[in-house]
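Me: I'm new to this one and would like a quick tour. Can I throw some questions at you while I look at it?

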Amino acid sequence: MGIDRLINLRYDASTCIHCGCCKVVPLPVVRDGDFMDQCPSSMHFHNHAYSGGGRSVMALSLIDGRIQADKAMADIVFACDACGYCDTACKFIMDAERQQVNMAMREHMVEKGLAPQVHTDTVKSLKRYEAFPAERPQLPAWARGLDLRLLPEEDAEVLLYVGCGEDAQSDKSTARKLARLLLAAGVKVGVLGTAEPCCGYPAYSRGYRDDFTRIANTNIDLFSELSECGVNTIVALSGTCMGTLRSKYPEYVHAFSPQVVHATEMLNTLVKTKKLRLTKPLKEKVTYHDPCFLGRQSEPPTNYHGVRKVSLKQLRSWDPPKKVNTGANGVYDAPRELLEAIPGLEFVEMYRIREYALCCGAGGGAADVAPEMAYGAGKNRIEEAQKVGADVIVSACNKCESHLMKSQQSGGAAGAVKAMRIADIIDLVFSASGLEN
């Protein structure tokens, strides 16, 4: 029950000291005053209720019975990208699980029948990706003509997990480019083809806990069986899928094998070991956008067994000391090292980077219920990229790429932004490899 999970998180909900850190970049790492706002929800609504701290206050009032769940509360709870920044920012000064509180609030709204209908419809649509088809799986259009192994019928070293956000019909898709890069490096690559299931992120991010755990359990069984086919690594194309598999499966169900890595981690290893060579110069000035689920939300949870202590009625500590996931151990170096390895490419950083990167607005189903907020975040990110002089925004998640493209095309109160190229990092690596010709 969502309320039971909230009750278990009462301590975390009660620790908010209204410092405002969940709304801005921590002052020691501010690099530009125009780009220090951080929470897309707070940036748009200009109201404390729409921040991580505000939602914790609501959660505490709900736990203690001072208020009841209703549509007004649900509107605030779901007007959020579920990007996890408030959790990272709060841990800059204390140990409090803001993201868990936020997700428990969503789960409670779902149980109370207060979820937006568009979210319910999205989660229902996932069922077509869950069941392994009765007929023999086929290779998707993007994979035809490539020396890929169809799992579980054939053996492979690596499962290329594409994710349901990829265009399976395009022979120029990012998935095909990644597969060609891996094959060129001598990797034995397998795919599940038309039988590949959804990772369940849409259910997780919208608060449908039961649906997500069901999907995760089914997928863990499937992935574990692939070890018998020789698969030792799952390479996720999407940053969102990677973070879901590496972080949320262990949190909601349990850890599993094979290991999960992102495409940039795999490619970076292949470049460093000279199994893949990037020789073609690219004369572009690019910046990199950190996807939330590839970055701060990709840290696996820690299994901790200890005692919380309170000294002098206010100083909180753990015995033994507890390792806190601050978001700093996400996948940040691999994509940057890949960009640095491309000859001729000029790489510049934005002001909000790594665990303090601004969410582009693509997450949490926010674009369905608060589109002006979600696309406003994307526009703000594009403006930041333009201010540092970049001509191209590179990301490592197809959801971020798609949302940034839509953001620069949308109108709204903020108006349109100057268009710039949005690219997937796989596209650049593929071009630099010379395989394009």
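Me: First thing, where is P258?

Reply: P258 sits in the loop between α12 and β5, with β5 covering 259-262. Keep in mind that this is a predicted model.

Me: What kind of peptide bond joins S257 and P258?

Reply: A cis one, with omega at about 5 degrees. There is also a cis peptide bond between L151 and P152, and omega is about 5 degrees there.

Me: And which strands flank the loop with P152?

Reply: β1 (149-150) and β2 (158-161).

Me: OK, pockets. What volume does the largest pocket have?

Reply: About 730 Å³. Its lining is made of 37 residues, and the ones nearest the centre are K91, E97, Q100, P301 and K322.

Me: Which helix gives the largest share of that lining?

Reply: That's α12, with 5 residues. It spans 239-252, and it is one of several helices with at least two residues in the lining, including α1 (2-8), α6 (85-90) and α7 (98-111).

Me: How do the lining residues of the largest pocket divide into nonpolar, polar and charged?

Reply: There are 10 nonpolar, 14 polar and 13 charged residues.

Me: How about the second largest pocket, how much space lies in it?

Reply: About 600 Å³. Its lining has 25 residues, and R206, A362, D368, K399 and K406 lie nearest the centre. By type, the lining splits into 11 nonpolar, 9 polar and 5 charged.

Me: Which helix supplies most to that one?

Reply: The largest share comes from α17, at 5 residues. Helix α17 runs 398-409, and α8 (117-125), α10 (201-206) and α15 (366-369) also supply at least two residues each.

Me: You mentioned α8. Which helix is K124 in, by the way?

Reply: K124 is in α8 itself.

Me: Is K124 buried or exposed?

Reply: Exposed, because its relative accessibility is 55% and the cut-off for exposed is over 50%. If you want a sense of distance, the C-alpha atoms of K124 and P371 are 21 Å apart, with their places 247 residues apart along the chain.

Me: Let's go inside. Which residues touch the most other members of the largest nonpolar core?

Reply: W142, F223, L245, Y249, L267, L339 and I342, out of 113 residues in that core.

Me: Pick Y249. What is it in contact with, leaving aside neighbours within four places in sequence?

Reply: Quite a list: C198, C199, F212, I215, A216, N219, I220, F223, T244, H254 and F256. Apart from this largest core there is another one of 17 residues, with F35, V348, Y351 and A390 among them.

Me: L339 was on your list too. Which residues of its helix, α14, are buried?

Reply: Helix α14 covers residues 333-341, and its buried residues are A334, P335, R336, L338 and L339.

Me: And what covers the buried residues of α14?

Reply: The cover includes helices α13 (263-272) and α18 (425-433), plus strands β6 (285-288), β9 and β10.

Me: Those strands, what order do they have in the sheet?

Reply: The open sheet has 4 strands in the order β9-β6-β10-β11, and the pairing is parallel. At the edges are β9 (346-347) and β11 (421-424), each pairing on one side only.

Me: How many bridges join β10 to β11?

Reply: There are 4, with β10 being residues 392-395. To find one of them, look at I393, whose bridge partner in β11 is I422.

Me: New topic, odd backbone angles. What is the phi of H46?

Reply: Positive, about 50 degrees, although H46 is not a glycine. You'll find H46 in the loop between α3 (40-45) and α4 (52-63).

Me: And R354, what is phi there?

Reply: Near 55 degrees, another positive value in a residue other than glycine. R354 is in the loop between β9 and α15.

Me: Why does R354 count as partly exposed, while H46 counts as exposed?

Reply: R354 counts as partly exposed because its relative accessibility is 27%, which falls between the 20% and 50% cut-offs. H46 is at 68%, so H46 counts as exposed.

How values were computed:
Residues are numbered from 1 along each chain as its sequence is written. This is a predicted model: local features need pLDDT of at least 70, side-chain atom pairs count only at pLDDT 80 or more; totals for chains, interfaces and linings use all residues. Side-chain values use heavy atoms; hydrogens and water are left out. On a 1 Å grid over the protein atoms alone, a cavity is a set of points where a 1.4 Å probe fits but cannot get out, and a pocket is an open set with protein on both sides within 12 Å along at least five of seven lines; lining residues have an atom within 4 Å of a point. Grid points are joined across faces, edges and corners, and a volume is the space filled by probe spheres set on the points. Ala, Val, Leu, Ile, Met, Phe, Trp, Tyr, Cys and Pro count as nonpolar, Asp, Glu, Lys and Arg as charged, and the others, Gly among them, as polar. A nonpolar core is a set of buried Ala, Val, Leu, Ile, Met, Phe, Trp, Tyr and Cys residues joined through side-chain atoms within 4.5 Å. Buried means under 20% relative accessible area, exposed over 50%, partly exposed in between (1.4 Å probe, protein chains only). Contact means heavy atoms within 4.5 Å. Two strands pair if DSSP finds at least two bridges between them.
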